[in-house]
Amino acid sequence: MSLNNAQTDFDVAIVGAGPVGLAFAGWLAAQWGDRAQRIAIFDAKPLDATLGDPRVLALSDATRLRLSSLGFPVNATPIHHIHVSEQGRFGQVRMKADDMGLRALGWTVRYGELVACLSEALAHRGVQIFRPANVRFAHRSRHQSLEILELDDGTEYTVGLRVDAEGGLYGEAGERDHVVDYGQWALVSEVTATVEPGLLDQHNTLAFERFTREGPLALLPISSNQQNYSLVWCAPKTEVDRRMALPDHAFFDELRAQFGRRVVVHSTAARKMFPLGMNWCERLVQGRRVAIGNAAQILHPVAGQGLNLGLRDAAQLVRSVSPAIVADEALLIGALTDFERARSVDRNAVVRLTDLMVKGFSNQNALLGAGRQMALNLMEFTPPLRKQFAELMLFGLAA
């Protein structure tokens, strides 16, 4: 069945105007040219609420390059070095951008600033954005097998392809094929700290990934002055609840105990907490509906791969669809099936690696502890192995 404009309101409707949904819309609009006005985005939140979101995102340098065609926040902070270690053991590894021939291993940016940058890029490309516009129901039309979106106010839109790009946090995404509850929560904040001078390298920023008995602990630079960091501290809920209630001086002491002499924390902003886990959909495609980003998988933040993986989903989907393909149901189903197959290797690899890192490091088994120390030391003293691991984190796996 082939469609024409009279049968649909839009060729493509994207549900969710987070970074993945916005990036997909921007890349697709660039490819579709004048047809970009047939692309729409629906998001339940008003733009002002999203722009004020202070969450800090960690993006790989490969992601920065992908987003550069749309725009990237000018005040994003580069991560030049990453120091990985385990509490109470000598195993450690340090990855450097110079060793990879890269400007940076990754970047930190505030969620609201990235959304603002991507939204501005879309404003000049003809994409229609509906905010606030909550999609209350979605169903297939009876006669033409099209997607129909119904908003809270009863307005309906008929579309040729629905792209789900909004998944929320772990525990908010509804039913998934696979769910893993790690029994951990994340305490997040922003801190000022002094780093042991011997770990600093001139003007190169340094991020920390510290594995503790309770879960991973990360400090990500959010300025280039080596003093301001985003803190993500994972532990069982009882411990997170207790630390949320600690006075600042006691909170700083506990952080110092986790890092030893490497880091001394001096001040902290408000602390927040949220549950951690991993869930993902086995199938990304249902008829004229496809899931990408957090709508397809939500990961534990241990390796910082959730958004990077979602943007690779979006980039692949852009390569898979065109106006002619969306207009023909048979062509579209074939293209979406190929898309799902193309994404399976990368998705499975990152999901399994993330799961292995959480389970492998968040326990006190002596044999596993010795294995972890050996693995970190082997990576530290074997540059090709270290580079291979870094490349997986930066670029994912091609189909």
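Buried means under 20% relative accessible area, exposed means over 50%, and partly exposed is whatever falls in between, using a 1.4 Å probe and protein chains only. This is a predicted model, so local features need pLDDT of at least 70 and side-chain atom pairs count only at pLDDT 80 or more, while totals for chains, interfaces and linings use all residues. Residues are numbered from 1 along each chain as its sequence is written, and side-chain values use heavy atoms, with hydrogens and water left out.

**Figure 1. The whole chain, with its 12 helices and 20 strands.** Helices (H or I, at least four residues) and strands (E, at least two) are DSSP runs, numbered from the N terminus. Of the 399 residues in the protein chain, 55% are buried. Contact here means heavy atoms within 4.5 Å. Among contacts with a separation of 6 or more, 75% come from residues 24 or more positions apart.

**Figure 2. R343 and D313 pair up between two helices.** A salt bridge is a side-chain nitrogen of Lys or Arg within 4 Å of a carboxyl oxygen of Asp or Glu. For R343 and D313, the closest N and O atoms are 2.7 Å apart. R343 sits in helix α10 (residues 329–361) and D313 in helix α8 (residues 306–320), so this pair ties together parts that are 30 residues apart in sequence. Both ends are tucked away: R343 is buried at 5% relative accessibility, and D313 is buried at 0%. Elsewhere, salt bridges with shared partners link E214, E239, R242, R243 and E254 into one network.

**Figure 3. D11 in strand β1 reaches a loop arginine, R35.** The D11 and R35 side chains meet in a salt bridge, 2.8 Å from N to O. D11 belongs to β1 (residues 10–15), while R35 is in the loop between α1 (19–32) and β2 (39–42), so the salt bridge ties together parts that are 24 residues apart in sequence. D11 counts as buried at 7% relative accessibility, whereas R35 is partly exposed at 29%. The structure holds 23 salt bridges.

**Figure 4. R55 and D53 form another salt bridge.** Their side chains meet at 2.8 Å, N to O. R55 is partly exposed at 38% relative accessibility, and D53 is buried with a relative accessible area of 15%.

**Figure 5. R262 is buried yet has no salt bridge.** Look for R262 in the loop between α7 (248–259) and β16 (263–268). For charges, Lys and Arg count as positive and Asp and Glu as negative, with His and the chain ends not counted. The nearest side chain of opposite charge is E196, and that one is 5.6 Å away. Setting aside residues up to four places away in sequence, R262 touches H83, S85, Q92, T194, V195, E196, L199, F208 and R210.

**Figure 6. Helix α8 is mostly covered, but R319 is exposed.** In α8, 13 of the 15 residues are buried. The expected span of a helix is 1.5 Å times one less than its number of residues. For the 15 residues of α8 that gives 21 Å, and the end C-alpha atoms are 21 Å apart, which agrees. R319 lies in this helix and has 58% relative accessibility. The R319 side chain makes a polar contact with the side chain of Q316 at 2.9 Å; a polar contact is a pair of N or O atoms within 3.5 Å, where within protein one must be able to donate a hydrogen and the other to accept it, and residues adjacent in sequence count only if both atoms are side-chain atoms. R319 and A335 are 16 residues apart along the chain, with 9.6 Å between their C-alpha atoms.

**Figure 7. R162 in strand β11 and its contacts.** R162 is part of β11 (residues 156–164) and is buried, with a relative accessible area of 9%. Not counting residues up to four places away in sequence, R162 touches A13, V15, A138, E147, L149, R288, R289 and V290.

**Figure 8. V232 in strand β15 and its contacts.** V232 is found in β15 (residues 228–235). P216 is 16 residues from V232 in sequence, and their C-alpha atoms are 8.1 Å apart. Leaving out neighbours within four places in sequence, V232 is in contact with A186, L187, V188, P216, L217 and A218.
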